[in-house]
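Welcome, and thanks for opening your viewer. Let's walk through this structure one selection at a time, with a stop at each place to see what is there.

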Amino acid sequence: MDMPEPDLGVIARKARIVARMRAALPVDAVIDAPEELRVYECDALTAYRCPPLAAVLPRTTAEVSAVLRIACEEGVPVVPRGSGTSLAGGAMPTADSVILGVARMNAVLETDYDNRFIRVQSGRTNLSVSGAVEAEGFFYAPDPSSQLACAIAGNIAMNSGGAHCLKYGVTTNNLLGVTLVKMDGTVLTLGGPWGEPAGLDLLGVVCGSEGQLGVVTEAWLRILPKPEGARPVLVGFDSNEVAGACVSDIIKAGILPVAIEFMDRPCIRATEAFAKAGYPDCEALLIIEVEGSEAEIAEQLTRIRQIALAHDPVEFREAADEDQAKRIWLGRKSAFGAMGQLGDYMCLDGTIPVSSLPHVLKRIGEMSVQFGLDVGNVFHAGDGNMHPLILFDANKPGDLEKCEAFGAEILKLCVEVGGCLTGEHGVGIEKRDLMSVQFDAADMEAQMRVKDVFDPKWLLNPAKVFPLGVSETRRAG
Amino acid sequence: MQTNFTPEQLADPGIARANQILRSCVHCGFCTATCPTYQVLGDELDSPRGRIYLIKDMLEAGRPADEKTVKHIDRCLSCLACMTTCPSGVHYMHLVDHARAHIEKTYRRPPWPGRSRTSG
Amino acid sequence: MRPTTEADLAEAIAAATAPLLVRGGGTRTIGQAVGDVLETGGLTGVALYEPGALTLVVRAGTPVAEVERVLAADRQRLAFEVPDLRGLLGREGVSTIGGVVAANASGPRRVQVGAARDALLGVRFVDGSGTVIKNGGRVMKNVTGYDLVKLLAGSRGTLGVLTEVSFKVQALPEAEATLVIGGLGDEAGLAALRRALGSPFDISGAARHSGQSLIRVEGMAGSVAYRLDRLRALVGGDVKVAEAAVSAALWRDVRDVALFHDKPGEVWRIVTLSTAAAEIAGRLAGEALWDCGGGLIWLRLDHGRGAEVAAAVAGRGHATRVRGDGGPVFPPEAPEVALLAAGLRAKFDPRGILNAGLMG
Ligand SMILES: Cc1cc2nc3c(=O)[nH]c(=O)nc-3n(C[C@H](O)[C@H](O)[C@H](O)COP(=O)(O)OP(=O)(O)OC[C@H]3O[C@@H](n4cnc5c(N)ncnc54)[C@H](O)[C@@H]3O)c2cc1C
Ligand code: SF4
Ligand code: SF4
């Protein structure tokens with residue numbers, strides 16, 4: 001993976017830059033010792049690494065603004081970081097850049113149950129946002145599998161989704177407003193607790209801009225009353241086609257489960273070996289979750305059972321109690337950890353139209369043989385967001401490259417069938433060079449214009465999202 | 001995650017075990033969420049994932065422990081909340097024990113006043 | 001001008017030498033812009049409809065009625081409830097789906113599913129230099145590159161002219177019903193809406209006008225009956241139930257602001273916090289229709305009270321004058337935000353010819 005040549009001038013000025021930041025921030029907020037910077041050299045995508053020039057850990061919006069103003073004046077690229085759980089390398093630095101971590105900014109600033117919002121500092125973790133309103137019976141809906149650790153900052157930057165977004169939408173549908181600091185240090189408010197923009201929807205384009213338009217320091221988030229209850233069912237099938245048809249029939253019937261998750265055989269076997277959730281050994285497995293009161297859950301499950309049984313499943317398992325419900329989810333929730341036991345993995349997240357599911361899974365199977373690498377699929381089936389996990393051996397020379405090539409072929413296939421490169425993890429550096437598969441020059445030019453307006457010097461996280469060749473003249477300027 | 005030990009290093013059973021543990025860590029960061037020192041300090045150097053990384057660095061290089069690495073490892077409370085949280089079953093306890101042994105062997109702690117300065 | 005293909009539209013914009021007034025059906029335009037009329041009504045037709053994937057791709061000039069007909073044939077709909085503002089604004093003409101997106105329209109179901117932007121999966125548009133640009137796509141989850149889809153929704157033709165839009169659609173519910181609560185003052189009536197919205201009963205409409213609070217639930221028949229029961233206990237007061245077509249008619253009126261049809265004066269659309277809504281309306285002493293649990297106020301006032309409206313809303317939301325003459329239509333933005341908006345317009349429409357001056 002190519003990264004731009006670091007600016008040697010900036011590296012030469014390190015002492016001065018660090019001194020200026022030290023003067024503007026509390027003593028413990030600036031890290032510049034090489035042995036301490038290694039920890040910040042990558043996020044959850046460990047295949048690509050590079051230690052930054054320095055790392056800063058501000059505590060307030062004013063401190064963020066001060067850091068950015070200095071960096072802007074010194075011409076230093078800045079890479080914002082939340083919890084570093086990005087799977088796309090979004091928070092990976094370059095040698096001439098400063099990591100700006102918001103992890104210390106994790107306070108709850110305001111909760112308003114009457115108007116149903118919460119305002120938090122952006123470093124707060126996703127799950128602890130729900131935690132803060134749980135006692136009053138509320139929750140924050142977007143639930144990435146990484147929700148225990150990932151920060152709202154990263155969620156906003158990546159427009160993260162989760163298993164339950166089929167019903168509740170993704171981050172952008174639950175984000176009401178932000179405090180944003182531009183690269184030049186200007187602090188501004190976009191949106192607000194009332195949740196509809198007055199003019200252009202700038203908040204809408206900031207969400208999902210991968211830390212390239214500004215640093216989000218605070219956010220207003222919509223909170224929702226918790227449903228009375230929820231229950232999953234597990235359905236096993238002997239073929240991917242039939243499982244796909246079942247999903248489509250459920251949706252067509254007008255039932256809106258909160259989640260429909262899909263696992264294929266390699267993934268089922270890996271999770272069984274690791275988590276022993278008691279899944280059937282079949283070709284395709286669906287976990288369908290519905291919400292509501294006891295009676296409402298029963299009403300929906302009756303309908304789902306009818307539809308599923310018409311497709312002749314090898315197993316239809318309902319959860320009689322909380323314990324059984326947990327077991328149904330256990331395997332799905334352990335899927336990443338389980339695949340990780342088999343080796344290193346690369347997790348892709350292209351989206352496809354649900355109707356292409358059988359075709360795409362078949363092609364991935366063929367490619368797996370061709371590339372000689374195993375792959376398991378977990379899948380948000382309701383919305384077509386795939387998660388092929390390609391297994392490789394990071395310590396074996398050449399394996400990563402093979403894995404990257406395989407991954408690129410899968411993503412091209414996703415685009416070819418009418419889908420996209422990434423459904424929730426973001427482009428980062430990982431899919432940067434594939435952008436031109438999905439977009440032509442004019443499409444990317446239009447996106448880059450937005451960055452031109454927010455960050456004319458292209459200093460914020462500049463080496464991401466757009467192929468280096470495409471963004472080159474701007475980054476130089 | 002990838003590791004860079006030479007075959008000679010791996011001949012040492014302690015390093016071989018450490019390598020195995022490091023290989024099983026996928027660097028997902030879940031453990032940061034339940035680590036008390038990270039909760040308070042908000043610096044990834046004081047999180048399990050960060051410590052694992054520091055340890056990896058130190059062992060791979062085969063170099064004596066340095067003051068900064070020691071500081072962040074010293075801050076670990078050995079509460080093992082990280083192990084309970086880890087979805088990949090990373091055996092942090094073995095790893096940190098190994099690191100501490102390495103520190104004892106290779107690092108000369110300054111006398112007390114100095115020590116309280118570096119760990120403060 | 002009324003091009004019938006995207007290429008012709010792009011050519012027309014590239015060749016334009018004077019400002020263009022972009023128009024779908026002209027049924028929901030607010031604000032003033034001048035120029036040669038560029039109509040999108042020639043770009044029609046459904047490009048793709050996959051009911052099993054809840055996906056619809058349609059050309060921007062397609063009449064809303066046509067879109068609704070196509071969806072209804074498969075028992076589906078646009079979730080965000082497209083308002084028909086012709087009665088309110090005194091317009092005639094055929095509302096187009098592109099206009100709906102350009103205005104980021106929404107109806108009462110905004111409390112549950114958001115506005116047009118939240119259902120919008122992808123756009124194709126032509127920018128002010130005549131370049132065709134696509135963003136988003138037809139799949140439900142897509143974070144590839146920047147989200148220009150959201151930026152275009154609600155941009156009212158000032159950044160580009162939409163040629164094609166794709167939506168996530170929704171299945172028609174089996175049943176709907178509305179609790180009609182009388183006997184409460186505005187403050188208490190809005191508090192009842194908030195109580196309902198804070199409950200787990202998945203409210204799809206919460207409005208108040210003419211002394212009545214309305215709370216809607218939709219879904220499977222058994223579930224609707226159950227939630228009505230629970231809500232009735234929760235909100236108290238003098239409660240009646242409207243079902244099926246009767247309920248639908250109530251919400252059509254809220255959606256289209258029927259209360260103000262054929263009545264004189266300015267109409268303001270105020271987006272605010274529910275807890276501030278009774279006070280704002282009370283202070284301005286006009287006729288009010290509250291939607292979205294009070295988070296949206298439609299307010300009918302005498303002419304020329306813009307300054308008072310702005311003062312009443314200040315710091316608690318924003319107000320747009322959708323009907324009436326004189327004074328600004330859109331609320332002012334903070335200077336640093338206005339600068340960004342102006343910067344984007346200059347980039348997407350460098351000659352300043354698309355609905356110039358409409359939004360500021
Ligand atoms: C095991 C595992 C499972 C996952 N499951 C999901 C899932 O189900 N759904 C999903 O969507 N994602 C998932 N992810 C990916 C990841 O957790 C999300 O992308 C998450 O939102 C990243 O948050 P973070 O705080 O860790 O951000 P980081 O990794 O620190 O940064 C991510 C991006 O945000 C930018 N950024 C960070 N802070 C700011 C800020 N203050 N202002 C502006 N930009 C900023 C960074 O520059 C970077 O581009 C998963 C990751 C892992 C490891
Ligand atoms: S949770 Fe486990 S796998 Fe993830 S970073 Fe921590 S130790 Fe590594
Ligand atoms: S054992 Fe150490 S690293 Fe693990 S959670 Fe406790 S303090 Fe943190």
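How many nonpolar, polar and charged residues does the shell around ligand 3 have? Keep that in mind as you begin, and remember throughout that this is a predicted model.

**Stop 1: ligand 3**

Select ligand 3 and show the residues around it. You should find Cys35(B), Pro36(B), Pro48(B), Arg51(B), Cys76(B), Leu77(B), Ser78(B), Cys79(B), Leu80(B), Ala81(B), Cys82(B) and Tyr92(B). Helix H4 (48-61) and helix H6 (81-85) of chain B are the elements that give two or more residues to this shell. Now for the opening question: sorted by class, the shell around ligand 3 has 10 nonpolar, 1 polar and 1 charged residues.

**Stop 2: ligand 1**

Next, select ligand 1. Which chains supply the residues around ligand 1? They come from chains A and B, so the site is shared between chains. There are 36 residues around ligand 1, and those that come nearest are Pro80(A), Gly82(A), Thr85(A), Ser146(A) and Ser160(A).

Try drawing some distances here:

- From an oxygen atom of ligand 1 to an N or O atom in the side chain of Ser160(A), you should get 2.7 Å.
- From an oxygen atom of ligand 1 to a polar side-chain atom of Asn155(A), look for 2.8 Å.
- Ala151(A) takes part through its backbone, with an N or O atom 2.8 Å from an oxygen atom of the ligand.

How much of the accessible area of ligand 1 does the protein cover? On its own, ligand 1 has 980 Å² of accessible area, and the protein covers 98% of that.

Color the elements of chain A that give two or more residues to this shell: strand S3 (78-81), helix H6 (152-158) and strand S10 (215-222). H6(A) gives the most, with 5 residues. By class, the shell around ligand 1 has 16 nonpolar, 17 polar and 3 charged residues.

**Stop 3: a helix in chain A**

Stay in chain A and select residues 61-74, which form helix H4. From the first C-alpha of this helix to its last, its 14 residues reach 20 Å, close to the 20 Å expected at 1.5 Å a residue. Is H4(A) largely enclosed or open? Since 11 of its 14 residues are buried, H4(A) is largely enclosed by the rest of the structure. Among the buried ones are Val64(A), Val67(A), Leu68(A) and Ile70(A), and Glu63(A) and Glu74(A) are buried too. Step just past the end of the helix and you reach Gly75(A), with a positive phi of about 70°.

**Stop 4: two backbone angles to check**

Most residues other than glycine have a negative phi. With that in mind, select Arg116(A), which is not a glycine and yet has a positive phi of about 55°. Arg116(A) sits in the loop between strand S5 (108-112) and strand S6 (117-121) of chain A. Its relative accessible area is 17%, so Arg116(A) is buried.

Now move to Trp458(A), another non-glycine residue with a positive phi of about 55°. You will find Trp458(A) in the loop between helix H16 (441-454) and helix H17 (468-476) of chain A. Trp458(A) counts as buried because its relative accessibility is 2%.

**Stop 5: over to chain C**

Show every chain again. Which chains have the most contacts between them? Of the 2 pairs of chains that touch, A and C have the most. Chain B and chain C have no contact, and their closest C-alpha atoms lie 21 Å apart.

In chain C, select Asn355(C), in the segment after helix H13 (335-348). Asn355(C) counts as buried, because its relative accessibility is 5%. A polar atom of its side chain lies 2.8 Å from the backbone nitrogen of Val22(C). Leaving aside neighbours within four places in sequence, the contacts of Asn355(C) include Leu20(C), Ala33(C), Arg156(C) and Thr158(C).

For a last selection, pick Val149(C) in helix H7 (residues 148-152) of chain C. Val149(C) is buried, with a relative accessible area of 2%. Residues up to four places away in sequence aside, Val149(C) touches Leu120(C), Leu121(C), Gly122(C), Val123(C), Asn135(C) and Gly136(C). Finish by drawing a line to Gly237(C), which is 88 residues away along the chain: the two C-alpha atoms are separated by 43 Å.

Notes: Residues are numbered from 1 along each chain as its sequence is written. Chains are lettered from A and ligands numbered from 1 in the order in which they are written. This is a predicted model: local features need pLDDT of at least 70, side-chain atom pairs count only at pLDDT 80 or more; totals for chains, interfaces and linings use all residues. Side-chain values use heavy atoms; hydrogens and water are left out. Helices (H or I, at least four residues) and strands (E, at least two) are DSSP runs, numbered from the N terminus. The expected span of a helix is 1.5 Å times one less than its number of residues. Buried means under 20% relative accessible area, exposed over 50%, partly exposed in between (1.4 Å probe, protein chains only). A polar contact is a pair of N or O atoms within 3.5 Å; within protein, one must be able to donate a hydrogen and the other to accept it, and residues adjacent in sequence count only if both atoms are side-chain atoms. Contact means heavy atoms within 4.5 Å. A residue is near a molecule or strand if one of its heavy atoms lies within 4 Å of it. Accessible areas come from the Shrake-Rupley method with a 1.4 Å probe; for residues, only the protein chains shown count as cover. Ala, Val, Leu, Ile, Met, Phe, Trp, Tyr, Cys and Pro count as nonpolar, Asp, Glu, Lys and Arg as charged, and the others, Gly among them, as polar.
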